[in-house]
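Subject: Structure for your files

Hello,

Please find the structure below. My notes on it follow.

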Amino acid sequence: MARRKKNQTDILDIFTGVTSLLVTLITLMMNLFIKLICFIYDVITIYQSGYKKKSGNGFFKTYFNKGHMGEFRLYRKLKRLMKAEDTIFTNIYLPGLNTTHTELDLLVVSKKCLIVYEVKNYGGYIYGSKQDTHWTQVLNHFSKHKFYNPLRQNYAHHKALENYLAIPFESVYPVVSFSNRSRLSKIKVDDTARVMQTKDTIKYTKDILTHGPDIFSDDMLSEIKPRLELAILKDQSTKTNHVNEVIQLIKK
């Protein structure tokens, strides 16, 4: 009798182990399948969305670069909000305040306003304030990373647009957009500083494009857009020089 009970227990243990293994394998296969679908979707939309043509970044340069991938994913979401007269630009190089050029990650141009986005594809907790020169990304107790205050970065972009296009400062709305993986509860800024996750960036943009009052006329947009076209797809030497200048500026 005891041996029979032991055999039943052994069979139950084996069944439980096999079931657990099957569930684990099925879960892994499903996760791999989902990642494969997402990968294929990214490959297709990098080209179909117009991002490659506008940014000059193909699949490999986008997918294997964290910054470019963050820009692309926000670009793809913003693209869905665009009306016929709206345009989204990427990687614009304008004359800078403290550097020869300043680079704008993403810019939406519409009758409502110009929205300039500083994209931070960061996860973890983000610490910082409007006055700080540097903010901090904390992933865990052993992983911390300091980066230049994105509000200051985007202010430089804001001023560059104002000067380059000769438009009112108030017609440009700056947004600092972090990934949805980030935690922004540790950021100390007032209501005028637009610092938000991707999901809130999309809501904010949609609200402006849907309900905001018109600021620019068709004639004004027909002057603004060609000027911006001249500032995209710069040569590699311009990009390299800009990166070096930024590094030196941050070290000061």
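Strand β4 (residues 124–129) pairs with strand β5 (residues 134–140) in the antiparallel sense, over 3 bridges. Two strands count as paired if DSSP finds at least two bridges between them; strands (E, at least two residues) and helices (H or I, at least four) are DSSP runs numbered from the N terminus. Within this pair, Tyr125 has Val138 of β5 as its bridge partner, and a hairpin of 4 residues links β4 to β5.

This is a predicted model, in which local features need pLDDT of at least 70 and side-chain atom pairs count only at pLDDT 80 or more, while totals for chains, interfaces and linings use all residues. Residues are numbered from 1 along each chain as its sequence is written, and side-chain values use heavy atoms, with hydrogens and water left out.

β4 has further partners. It runs parallel to strand β8 (residues 182–183), with 2 bridges; there, Gly124 is the bridge partner of Ser182. Strand β9 (residues 187–188) is also parallel to β4, again through 2 bridges, and Gly128 is matched with Ile187 as its bridge partner in β9.

Elsewhere, Ile14 lies in helix α1 (residues 2–48). Its relative accessible area is 56%, so Ile14 counts as exposed (over 50%; buried is under 20%, partly exposed in between; 1.4 Å probe, protein chains only). Ile14 helps to make a nonpolar surface patch of about 780 Å², together with Val18, Leu21, Leu22, Leu25, Ile26, Leu28 and Met30. Patch residues have over 30% relative accessible area and no salt bridge, and nonpolar side chains are joined within 5 Å; a salt bridge is a side-chain nitrogen of Lys or Arg within 4 Å of a carboxyl oxygen of Asp or Glu.

Regards

Methods:
Patches are made of residues with over 30% relative accessible area and no salt bridge: like charges are joined within 9 Å, nonpolar side chains (Val, Leu, Ile, Met, Phe, Trp, Tyr) within 5 Å. Accessible areas come from the Shrake-Rupley method with a 1.4 Å probe; for residues, only the protein chains shown count as cover.
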